[in-house]
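Colleague: Hi! I'm new to reading protein models, and I'd like to learn how to go through one feature by feature. Could you guide me?

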Amino acid sequence: MIHFGLIGYPLSHSLSPTLHEAAFEVLALQGEYLLYPVAPGEIGRLAELATHMRDGEIQGLNVTIPHKQAIMAVLDELTPSAQAIGAVNTLYFKNGKLIGHNTDAPGFLADQAKFLRNTKVEKKVLVLGAGGAARAVVYALLNDSWKVTLAVRREDLSQARVLTESFKSQTGVGSIEIVLMEAGDLGHLGNDIRLIVNATPIGMFPETDSSPWPSGLPFPHGAAVYDLVYNPRQTRLVRDAQAAGLRATTGLGMLVEQAALSFACWTGRDVPREVMFAAVEA
Ligand code: NAP
């Protein structure tokens, strides 16, 4: 019996068990995916779960909020992407080492490529937010040669500067422009932005009437919108963008991709994305 699971807090609404159980079923594998709620600061419990991976009792773990950074203290090694992003969402054990990896970045990149249908666009992206998800998204986009503008709410730009500096020193890739997430600054960006990515929680259930895009500000002409929020299935941002004639999607595809990449990392097996997608859409 294969044993995977998820560490985080709270976990009651997690879709991960549904995604991974669908993978076990379609690949005819005997497995279970359990939830390990660990309250913030319970580092002893994180160490205990790490031990269960080292002794083979658990063969794969995902990590979510609030432990994506804290988990690093109990690991032996980080993959280069987890190191650069500064967050771990997948643990695997290899050659006697417990390794922390990040599948959010490649998960986002794969799904946005599908969304843009790999059409040749000028690679200019506006990312809203500078938190954990924004770090994974910006890392992925910089490594895919996108020119990134980051829009943030903190007037001192502190969080955005930390993000920019760490990527400059760790990856040596790209330059990032920083603007404020308000109508004045966003309005000045003009129409050469090809993709807008929402990496803030604005619009997430239960605040489903909120949008990170300032009301009354026209969207850049011809841009596409990728909202990382996936609950609700159609966010206000996506609805508004579509009403303005833009292509827009929420982040369920990224959730599926990051899960499939974790599963592949643990089993070496490729999961049909549509099977996972259908399981959570239902
Ligand atoms: P986070 O680390 O808390 O970062 C949130 C970012 O949004 C911060 O920069 C925060 O700024 C900013 N922000 C929050 N409220 C804001 C507001 N009202 N106005 C302007 N900026 C605001 O959260 P996260 O882990 O990055 O997650 C962000 C969202 O992405 C969540 O909804 C999460 O569910 C979603 N997500 C989706 C996937 C997927 O697979 N689709 C994966 C990861 C995350 P301050 O620091 O100033 O508050």
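Modeller: Gladly! Keep in mind that this is a predicted model. Let's start with a pair of helices: α4 passes α5 in a crossing that is right-handed.

Colleague: Where are these two helices, and at what angle do α4 and α5 pack?

Modeller: Helix α4 covers residues 104–115, and it packs against α5 at an angle of about 60°, with 8 Å between the axes. Helix α5 itself spans 132–143.

Colleague: Why are α4 and α5 called oblique to each other?

Modeller: The word depends on the angle: under 35 degrees is roughly parallel, over 145 roughly antiparallel, 65 to 115 roughly perpendicular, and the rest oblique. An angle of about 60° falls in that last group, so α4 and α5 are oblique to each other.

Colleague: Let me try the next pair. What are the angle and axis distance for α9 and α10?

Modeller: Helix α10, residues 273–281, packs with α9 at about 125°, and the axes are 10 Å apart. That makes this pair oblique too, because 125° lies outside the parallel, antiparallel and perpendicular ranges. The crossing of α9 past α10 is right-handed.

Colleague: And how do α1 and α10 cross?

Modeller: Their axes come within 9 Å and cross at roughly 135°; α1 and α10 are therefore oblique to each other. Their crossing is right-handed.

Colleague: Now the ligand. How many residues surround it, and which are the closest?

Modeller: There are 21 residues around the ligand, and the closest are Ala130, Ala133, Arg153, Arg154 and Gly251. Sorting that shell by type gives 13 nonpolar residues, six polar and two charged.

Colleague: Which backbone atoms should I look at around the ligand?

Modeller: Try alanine 133, where a backbone N or O atom is 2.7 Å from a ligand oxygen. Alanine 130 also has a backbone N or O atom by a ligand oxygen, at 2.9 Å. Leucine 228 instead places a backbone N or O atom 3.0 Å from a nitrogen of the ligand.

Colleague: How much of the ligand does the protein bury?

Modeller: On its own the ligand exposes 920 Å², and the protein buries 75% of that. The elements that supply two or more residues to the shell are α5 and α9, with α9 running over 252–267.

Colleague: What should I look for in the backbone itself?

Modeller: Start from the usual pattern: most peptide bonds are trans, and most residues other than glycine have a negative phi. Then look for departures from it.

Colleague: Where can I find a cis peptide bond?

Modeller: One joins tyrosine 9 and proline 10, with omega about -5°. Proline 10 sits in the loop between β1 (2–8) and α1 (16–26). Another cis bond links asparagine 231 to proline 232, with omega about 15°. Proline 232 belongs to the loop between β11 (224–227) and α8 (236–243).

Colleague: And is phi of asparagine 95 positive or negative?

Modeller: It is positive: phi of asparagine 95 is near 50°, and this residue is not glycine. You'll find asparagine 95 in the loop between β5 (90–94) and β6 (97–101).

Conventions: Residues numbered from 1 in each chain as written. Predicted model: local features only at pLDDT ≥ 70, side-chain atom pairs only at ≥ 80, totals over all residues. Heavy atoms only, no water. Near = heavy atom within 4 Å. Polar contact = N/O pair within 3.5 Å; in protein donor to acceptor, adjacent residues only side chain to side chain. Areas by Shrake-Rupley, 256 points an atom, 1.4 Å probe, with all protein chains shown as cover. Helix = DSSP H or I, 4+ residues; strand = E, 2+ residues; numbered from the N terminus. Nonpolar A, V, L, I, M, F, W, Y, C, P; charged D, E, K, R; others polar. Axes fitted to C-alpha atoms, helices over the stretch in contact; angles between N-to-C directions. Left-handed = near helix turned anticlockwise from the far one by under 90°.
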